[in-house]
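Colleague: I am new to this one, so could you walk me through it? I will ask short questions as we go.

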Amino acid sequence: MGQKQDREEHHDNDKDTDNSRNNLLINESQNNNTIFTNKTNRNSIPYNNNNYIYNNAKKLKHLSCVLNPLSQEEKEEAKHRKLKRLELEELKKNQQIQVESRLLQKSKEFKELLKRKRSLINEFKVNAAQIKQSKLNLRKVRNEETKSHYSYIGASNPEDEPNRLMAVYSYKILDTNPNEQLDDIVDICMKLFDVPASLISIIDEYRVWFKSVKGFGGEDACRNLSFCSYCIRGSEMLLVNDATKDERFKNNPYVAEDPYLRFYAGYPLITKDGYRLGVLCLLDYKPRNDFDKEKERMFQKLAFMVVRELEMFRDYDTALQNEKFQRSIVEFEKQIHNTVSIQDKIELATLFISENLEVDFVELFQVENDCKDYKLSGSFHWGEEEESTILDDNMFKFIVNGFDQIIKINSLELDNSGIEISENGKRVGVKSFLSCKVFSDETLRGFITVCKKTARIWVKEEIDFLEQLSNSLAKMIDREIAKAKIKEEQLKSEKLLANILPTTICERLKENNQEIIADKVRNATVMFCDIVGFTTLTKNQKCPSATVEFLNYVFSEFDNIIEKHNVEKIKTIGDCLMVSSGLLGQEEDHAICMIEFALDILSFIQSDIVQNKYSINVRIGISTGEVCAGCIGKKKNTYDIWGDAVNLASRMESHGKPGRIHTTIKTLSHLTQYQLQTYDIEERGTIKVKGVGKMETFFINGKVL
């Protein structure tokens, strides 16, 4: 009880002190003949008269000095807080600029690296293509020279020659190093069948290349002159006991001239898919007729062994390629994670595809307008400066309308899809392509297309690689979509939070949500605005929605006016608005901001639009002083202010008059001499204020013309 009595006595002493100070200020203003207009002579004073302003200049200056409660120390403290706030804002701005600069520099470096890498790949592929083309031209020339020189016409091509050639190229065995197992099979053939020469041939478009050879000179032969070109036309063994007596070979240069071949036995090397890659051959320089059924059966088994070795060779090469693909996928996912922009990620994808797949074009397309249209997102065309796409509308519809994720065409010439890709500018039309759709969240986002100017068989490992890479792109798209959604939700949350709490308070809560927000502000201006006759107005409304619509219209316009002035909306209580200034950095001009805001509120309420629609009025009360501001609650946090200035502003509103701005001498004391001359300030006189006692108050009627 004793402590409670002491607190009450202390509170009474504080009130006496405040009343004494108010009386002192009132007496001081009265001793200086009061510059404010009173109720009787207010309309008689010419506010637009320069003499009026000049005659009262000394009085305004004197009053400004007497009423200003800020000491020099307080001014320095306010200035220091403002400078500190500006420094923090500048620091954040510089940090953001540095982050953006680093990201931009990283993106530029990455693009430069991609450019150099592309250039190297381009140069390598162009050189390889030139070497390959020169060898091909040489074989063509040799073939034509042989035909013209010997006047010998060899076997015609098999019916499935294009597919057979694609199968040969898919094994990637041409021009490879000798194989020990295949060399052993050739040795076994020579000893088992007692022949001086044996070889394993692989037949491409213009030549017969010897993968393994014993007893016969050279590493390849012209396809037009070779016995093997006859053998691959069928699936059975070709047996020639005496070439000089065979109409097909008697004029063959290998028979008529050195090395004077006489005996030939060849068994085609047939894969599981039925393609004939080449031939296992037995050669002799004298006629023979001892090749019986048992030897034929053994020879067939040896040919099967060769095919198994070739399959194992391809499987081993495939395993190495698959391992390379897996490493590339891991490296791609690592690099794509560290890449800044989506465009850089797409360019990186095209580069990885072109590095790992021997193709001529790599293009990534983005699907738009519900799969009705497409846009080129990234491409890699080696050996060509032109960057136009090979995709046309016909091919686009074929890819998008397909049910499978992977669409492959080994040869457009043999395929019955009806797709034709003709020349596009300087670019020769492609012969085969592989396309993989990119799905994200079960939605088709785009597709990857790799193309080749020649027909080829797309092997499973290449398809798997492209599919895995498309899945990585899909994950990247999912991440980007998720990031965009998160960012959008964050912006919504921040916007919603900014509508509830001041921006600086939001920043402090984000930095440390455990922090107790409590600030003591030495000087802040508080305003209450209450709609007059709101209870009567709501009784006349027919439904609640009309009341809500009315309040929403009025307070939405109040919010627009708040944004115009440097004030902070604290809360609305029913039909009452509570606003403050000076809490968040407006240390010097908080009083003038609040007065300007109040005048705009009155101007809006008294406008013809509002009066014709609702015919309402407001009471406004303003006061200035020390307040305590803070954020309270764990749920539905609110930012509120407390203090004598808040209570006094509320009293000014309740003791005011409709359509008038009611304020105290403390608020006017924060106006400069010039600002005091700007407004039509009416002295109301001494009134009894609940909880405060008698005090002098004023009306601000508007600006002096």
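**The sheet and its surroundings**

Modeller: Let us start with an open sheet of six strands, paired antiparallel in the order β3-β2-β1-β6-β5-β4. The edge strands, pairing on one side only, are β3 and β4 (238-240). From one strand to the next, the twist averages 25 degrees. Please keep in mind that this is a predicted model.

Colleague: Thanks! How many bridges pair β5 with β6?

Modeller: In the sheet order, β6 stands between β1 and β5. Strand β5 (residues 263-270) runs antiparallel to β6, and one bridge pair between them is Ala 265 with Leu 282. The number of bridges pairing β5 and β6 is eight.

Colleague: Which residue in the turn of the β5 and β6 hairpin has a positive phi?

Modeller: Five residues lie between the two strands of this hairpin. In that turn, a positive phi of about 90 degrees belongs to Gly 274.

Colleague: And on the other side, which residue in β6 stands opposite Ser 201?

Modeller: Strand β1 (residues 197-203) is joined to β6 by six bridges, and the two run antiparallel. Opposite Ser 201 in β6 stands Val 279.

Colleague: How many of the residues of β6 are buried?

Modeller: Strand β6 covers residues 276-284 and is mostly covered. To count as buried, a residue needs under 20% relative accessible area. Of the nine residues in β6, the number buried is nine.

Colleague: Towards the β3 edge, what is the bridge partner of Arg 207 in β3?

Modeller: Strands β2 and β3 pair in the antiparallel sense over three bridges. The partner of Arg 207 in β3 is Cys 222.

Colleague: Which strands of the sheet does α6 touch?

Modeller: Two helices can be described here. Helix α5 (residues 161-171) packs on the sheet against β1 and β6, its direction making about 85 degrees with that of β6. Helix α6 also packs on the sheet, at about 75 degrees to the direction of β2, and the strands α6 touches are β1, β2 and β6.

Colleague: Is Ile 188 buried, partly exposed or exposed?

Modeller: Ile 188 is found in helix α6 (residues 180-193). Its C-alpha atom is separated by 9.4 Å from that of Ser 198, 10 residues away along the chain. With a relative accessibility of 39%, Ile 188 counts as partly exposed.

**Salt bridges**

Colleague: Which residue forms a salt bridge with Arg 207 at 3.9 Å?

Modeller: A search of the whole structure finds 26 salt bridges. One of them links distant parts of the chain, from Arg 207 in strand β2 (residues 207-214) to a residue in strand β3 (residues 220-222), 13 residues apart. Both partners are buried. With its closest N and O atoms 3.9 Å apart, the partner of Arg 207 is Asp 220.

Colleague: Why are Arg 327 and Glu 323 separated by about one helical turn?

Modeller: The side chains of Arg 327 and Glu 323 meet in a salt bridge, 3.2 Å from N to O. Glu 323 counts as partly exposed because its relative accessibility is 46%. The two residues sit about one helical turn apart because they are four residues apart in helix α9 (residues 293-338).

Colleague: How many residues apart in sequence are the parts that Glu 653 and Arg 619 tie together?

Modeller: Glu 653 and Arg 619 form a salt bridge at 3.1 Å, N to O, and both are buried. Glu 653 lies in helix α18 (residues 644-654) and Arg 619 in strand β15 (residues 617-632), so the parts they tie together are apart in sequence by 34 residues.

**A buried threonine**

Colleague: Which residue has its backbone oxygen 3.1 Å from a polar side-chain atom of Thr 663?

Modeller: Thr 663 lies in strand β17 (residues 661-664) and counts as buried because its relative accessibility is 0%. Beyond its neighbours within four places in sequence, its contacts include Met 652, Leu 668 and Phe 698. The backbone oxygen 3.1 Å from the polar side-chain atom belongs to Ile 622.

**The whole protein**

Colleague: Last one: what percentage of the residues count as buried?

Modeller: The secondary structure comes to 20 helices and 19 strands. About 38,900 Å² is exposed, with carbon and sulfur atoms supplying 50% of it. Of the 705 residues, the share that counts as buried is 45%.

Technical notes
Residues are numbered from 1 along each chain as its sequence is written. This is a predicted model: local features need pLDDT of at least 70, side-chain atom pairs count only at pLDDT 80 or more; totals for chains, interfaces and linings use all residues. Side-chain values use heavy atoms; hydrogens and water are left out. A salt bridge is a side-chain nitrogen of Lys or Arg within 4 Å of a carboxyl oxygen of Asp or Glu. Buried means under 20% relative accessible area, exposed over 50%, partly exposed in between (1.4 Å probe, protein chains only). Accessible areas come from the Shrake-Rupley method with a 1.4 Å probe; for residues, only the protein chains shown count as cover. Two strands pair if DSSP finds at least two bridges between them. Axes are lines fitted to C-alpha atoms, for helices over the stretch in contact, and angles run from 0 to 180 degrees between N-to-C directions. Contact means heavy atoms within 4.5 Å. A polar contact is a pair of N or O atoms within 3.5 Å; within protein, one must be able to donate a hydrogen and the other to accept it, and residues adjacent in sequence count only if both atoms are side-chain atoms.
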